[in-house]
Amino acid sequence: MTDELSIRVERSFTAISPESWSRLSGASKSGMTLAYNPFVSHAFLSSLEESGSASVETGWLGHHLLLETERGELIGALPGYLKSHSQGEYVFDHGWADAFERAGGRYYPKLQCSIPFTPATGPRLLVAEGLQRLPIQSAIAESLKEVVRRLGISSAHVTFVPDEEIGVFEMDGYLHRTDQQFHFINDGYANHEEFLETLASRKRKALRKERRAALENGISIDWLTGRGLTERIWDQFFKFYMDTGGRKWGRPYLTRRFYSLIGERMADDILLVMAKRDGRYIAGAINFIGGDTLYGRHWGCVEDHPFLHFEVCYHQAIDFALSKGLKRVEAGAQGEHKLARGYLPVTTHSAHYVAHAGLRRAIGDYLARERADVEQMSEVLSEHSPFRKGERQQED
């Protein structure tokens, strides 16, 4: 490529054409070398902004980095937001902010390069198909530092970075942070029973008993996707989300309009697992369907039943993934209780550029210790895997 390249910061996703965005790896279903990730799709990101879920009013001001040729062709991008707080991120830096401000610094605003309210690993350094990836990825990572300097802000944070991108950030001087999630890995199981046969006998019996108990009291399960996602269904699911999210977070992040927009724009990429009793839905979980992964996001309920959360969120997700031949289920942040249900510890990554040298050194020292702790915890948890000895190894 001989064209001069330039970085442009775009505040609104509506100003980015869906056609140009769809040519970026991972953002489209067709003809891409990277598996499709629904969270970096134009449909998902634009719905977050247009619905008012991620907006200046909620503390998420769009600052999307677009790498363009001199002819205005979009060849690379990094979704980002200028933020006045650290809510809705799932990689916690409140302690960094408190320490810096106690020392007289100003931590906010900061640049958060992630998918709002979505703790799912996916491509961040987006590159147009057919181009050499590394030079463009490096140019984006270096440009992000320049944007931080130009704005005069404290830092930039790129969270839930895939394994193949974290090295790009490290080469550009970013700090590397690790954390842990629990993912189900499909080893080619024909169905849920075949998966259960790989577990230790005691664990297998416990899960079968748990699944039976979850569906007592006349509860049944429906999978809804595509045309099944009507406005009436969204009304019911949003009620679950508000009830449970209000108790869990105090103020749920997503607006009702968000669900209408994704229902219009990407219904085939969505799976609602809905639990029904006495002819009405009482609980549900929303999942997003990627090229090779099912991403579990959040759930809600208006009735409490033993083990129903585990059935709707984890067991049904495995059933669906196996039925579609998907390679993995990512069931969101945290949750060591997932281990007993066949979800193994997986290391997640984030990259952080901190402008202030003193704060950068302090955070770097902390992260070195934290990475060692995460690795040790992963080893301990893997020893308590429900799989028969030698059947499965830890996934990194």
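In the predicted model examined here, helix 2 and helix 9 are roughly antiparallel to each other, because the angle between them exceeds the cut-off of 145 degrees. Helix 2, spanning residues 42-50, packs against helix 9 at an angle of about 155 degrees, and the two axes lie 9 Å apart. The crossing of this pair is right-handed. On the side of helix 2, the residues involved are Ala43, Phe44, Ser46, Ser47, Leu48 and Glu50, which meet Arg257, Phe258, Leu261, Ile262 and Arg265 of helix 9. Helix 9 comprises residues 256-265, and 7 of its 10 residues are buried, so this helix is largely enclosed by the rest of the structure. The buried positions are Arg256, Phe258, Tyr259, Ser260, Leu261, Ile262 and Gly263.

A second packed pair is formed by helix 4 (residues 133-151) and helix 5 (residues 163-171), with an angle of about 55 degrees and axes 9 Å apart. That angle makes helix 4 oblique to helix 5. The contact involves Leu134, Gln137, Ser138 and Ala141 from helix 4, together with Glu165, Val168, Phe169 and Met171 from helix 5. Helix 4 and helix 5 also cross in a right-handed sense.

Charged side chains were considered next. The count of salt bridges comes to 23. One of these joins glutamate 197 and arginine 208, with an N to O distance of 3.2 Å. Glutamate 197 is located in the loop between helix 6 (192-196) and helix 7, whereas arginine 208 belongs to helix 7, so the pair ties together parts that are 11 residues apart in sequence. Both partners are partly exposed: glutamate 197 has a relative accessible area of 38%, and arginine 208 has one of 26%.

Helix 7 also contributes arginine 211, which forms a salt bridge with aspartate 319, the closest N and O atoms being 2.7 Å apart. Aspartate 319 is part of helix 10 (residues 308-324) and arginine 211 is part of helix 7, so this pair ties together parts that are 108 residues apart in sequence. Arginine 211 counts as buried at 16% relative accessibility, and aspartate 319 likewise counts as buried at 18%.

Arginine 204 is a further residue of helix 7, which spans residues 201-214. Although buried, arginine 204 has no salt bridge; the nearest side chain of opposite charge is that of glutamate 197, 4.1 Å away. A salt bridge requires a separation within 4 Å, so the pair of arginine 204 and glutamate 197 does not qualify. Residues up to four places away in sequence aside, arginine 204 touches Leu196, Glu197, Leu199 and Arg388.

Another salt bridge links the sequence neighbours arginine 277 and aspartate 278, whose closest N and O atoms are 3.2 Å apart. Arginine 277 counts as partly exposed at 23% relative accessibility, whereas aspartate 278 counts as exposed at 68%. Elsewhere, salt bridges with shared partners join Lys83, Glu89, Asp93 and Lys110 into one network.

Several backbone features were also identified. Tyrosine 108 and proline 109 are joined by a cis peptide bond, with omega at about 0 degrees. Proline 109 is situated in the loop between helix 3 (94-102) and strand 6 (110-113). Phenylalanine 117 has a positive phi of about 60 degrees although it is not a glycine. This phenylalanine 117 is placed in the loop between strand 6 and strand 7 (126-127), and at 5% relative accessibility it counts as buried. A positive phi, near 70 degrees, is also found for phenylalanine 307. Phenylalanine 307 lies in the loop between strand 13 (293-301) and helix 10; at 38% relative accessibility, phenylalanine 307 counts as partly exposed.

Finally, the surroundings of valine 329 were examined. Valine 329 is found in strand 14 (residues 328-333) and counts as buried, with a relative accessibility of 1%. Neighbours within four places in sequence excluded, valine 329 is in contact with Phe182, His183, Phe184, Leu294, Ala317, Ile318, Ala321 and Tyr343. Between valine 329 and leucine 224, the separation is 105 residues in sequence and 18 Å in space, C-alpha to C-alpha.

Notes. Residues numbered from 1 in each chain as written. Predicted model: local features only at pLDDT ≥ 70, side-chain atom pairs only at ≥ 80, totals over all residues. Heavy atoms only, no water. Helix = DSSP H or I, 4+ residues; strand = E, 2+ residues; numbered from the N terminus. Buried < 20%, exposed > 50% of the residue type's maximum accessible area, 1.4 Å probe, protein only. Lys, Arg positive; Asp, Glu negative; His and termini not counted. Contact = heavy atoms within 4.5 Å. Axes fitted to C-alpha atoms, helices over the stretch in contact; angles between N-to-C directions. Parallel < 35°, antiparallel > 145°, perpendicular 65-115°, else oblique. Left-handed = near helix turned anticlockwise from the far one by under 90°.
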